[in-house]
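Biologist: I am new to this structure and should be grateful for a close look at a single part of it. Please describe the site that the database record annotates, and set out its surroundings step by step.

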Amino acid sequence: MARPDYYAILGVARSADESEIKRAYRRVALESHPDRFPDDDEAHERFREASEAYEVLSDPLKRARYDSSRLLPQGLDLTKPPTVATAREIFGNMFGDVFGNRRHKRRKGRDIRYTLTVTLADAVLGSSHTISFEGRGACEVCEGSGTEPGGREAVECPNCAGSGEVKTGGLFSRRSKCGRCDGLGMIQQDPCAACRGRGIIRSQRVFDVRLPPGTTAGTEKVLRGQGEPGRFGGEPGDLRITVNVKPHQWLERDGQNLVTKLPLPFTRAALGGKIPVPTIDGWVDMEVPAGVQSGAKLRLRGKGVPDSRGGRGDQYVELQIETPKQLDGTRTKELLLELDRAMQREPVLPGHRELLAALAAHDGRKHKN
Ligand SMILES: [Zn+2]
Ligand SMILES: [Zn+2]
């Protein structure tokens, strides 16, 4: 088989230097690039030939051997002629991705996102969970390759030369997904029967997730490689689990501490003593000093959020002293009237003597009317 005339293909003289050959190759390759002429076989061949010519003429050793072989009547097959796909690589490596095409061959699998909703106690104290969902996983028959076990490997799609996209129309036309390979750039010669060559099947996926003590809302746990499988040798995606924390009836988190707003009847506030308080570990008794005021913050040591060093934050209990909104029983009202009179005779609110005297005068006027 005679060697083609590489100088004629690139349109350069036999004496052309390296930069002349490079310029010529760029011109011919751009004028016949498969992205510009996706359906033109003649252009594909010109592009392929130009790349072959450049590969030989740009290498001084190959060029010398080629020049001498041209003198022989039969010629010598010095190099394996490149395919359109390798020609694209030669061109792309030199001049970059001039048409902005992406390569689709190796595809990383997509990440899977999952929201795990837990109670505040589960997040704060740490907990284990089993999550399950129907998702896309690697086909077990072909191990995600999409190729029937023992079958031939997937090959580059000849329609789009592996790009997954084809151009329609002229130079400034739109690119659209290649219909032959469905945009994957690869074609299965022996597709796996179980997954129809896709490498992916939907199945019930089950994972164990452990939350360490002190887990905060919005924490993302990443299980590497547990997302959707990659294709054609691409890496699998990740499983990304976001922790969502349900609001607690009593407790709110404030960094390493927990905060409770606790209502307390005004009588109990005046008397003081032990009152039950909800904590993340359950109810505990807390000592309230007699005469405690609304808004007072009391601390329960070590009832907060555990940290990684074995310590624990505190719980703050903010008291909201409550006054009854309505008095249902006559007994309660009688007692309150008695209490009211007692407080006027013997003022228990320091600094309020004048106010109480005014109140008594006001009550006196009311009784006269
Ligand atoms: Zn399969
Ligand atoms: Zn294709």
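Modeller: The model is predicted, and the description that follows should be read in that light. The part in question comes from the UniProt record, an unreviewed entry, in which the annotation "binding site" covers C139, C142, C192 and C195. These residues span 57 residues in sequence, yet no two of their C-alpha atoms are more than 9.0 Å apart, so they gather at one spot.

Two of the annotated cysteines, C142 and C195, may be considered in turn. C142 is placed in the loop that joins β2 (127-138) to β3 (155-156). With a relative accessible area of 6%, C142 falls under the 20% limit and is therefore buried. Apart from neighbours within four places in sequence, C142 has contacts with T147, C192, C195 and G199. Among these partners, C192 and C195 also belong to the annotated site.

C195, for its part, is found in the loop between β6 (186-187) and β7 (200-211). C195 is likewise buried, its relative accessible area being 4%. When residues up to four places away in sequence are not counted, C195 touches C139, C142, G146, I200 and I201. The contact between C142 and C195 thus appears from either side, and it links the loop between β2 and β3 with the loop between β6 and β7. C139, another residue that C195 touches, is also covered by the annotation.

Key
Residues numbered from 1 in each chain as written. Chains lettered and ligands numbered in written order. Predicted model: local features only at pLDDT ≥ 70, side-chain atom pairs only at ≥ 80, totals over all residues. Heavy atoms only, no water. UniProt positions renumbered as here; feature names shortened; annotations may be inferred. Helix = DSSP H or I, 4+ residues; strand = E, 2+ residues; numbered from the N terminus. Buried < 20%, exposed > 50% of the residue type's maximum accessible area, 1.4 Å probe, protein only. Contact = heavy atoms within 4.5 Å.
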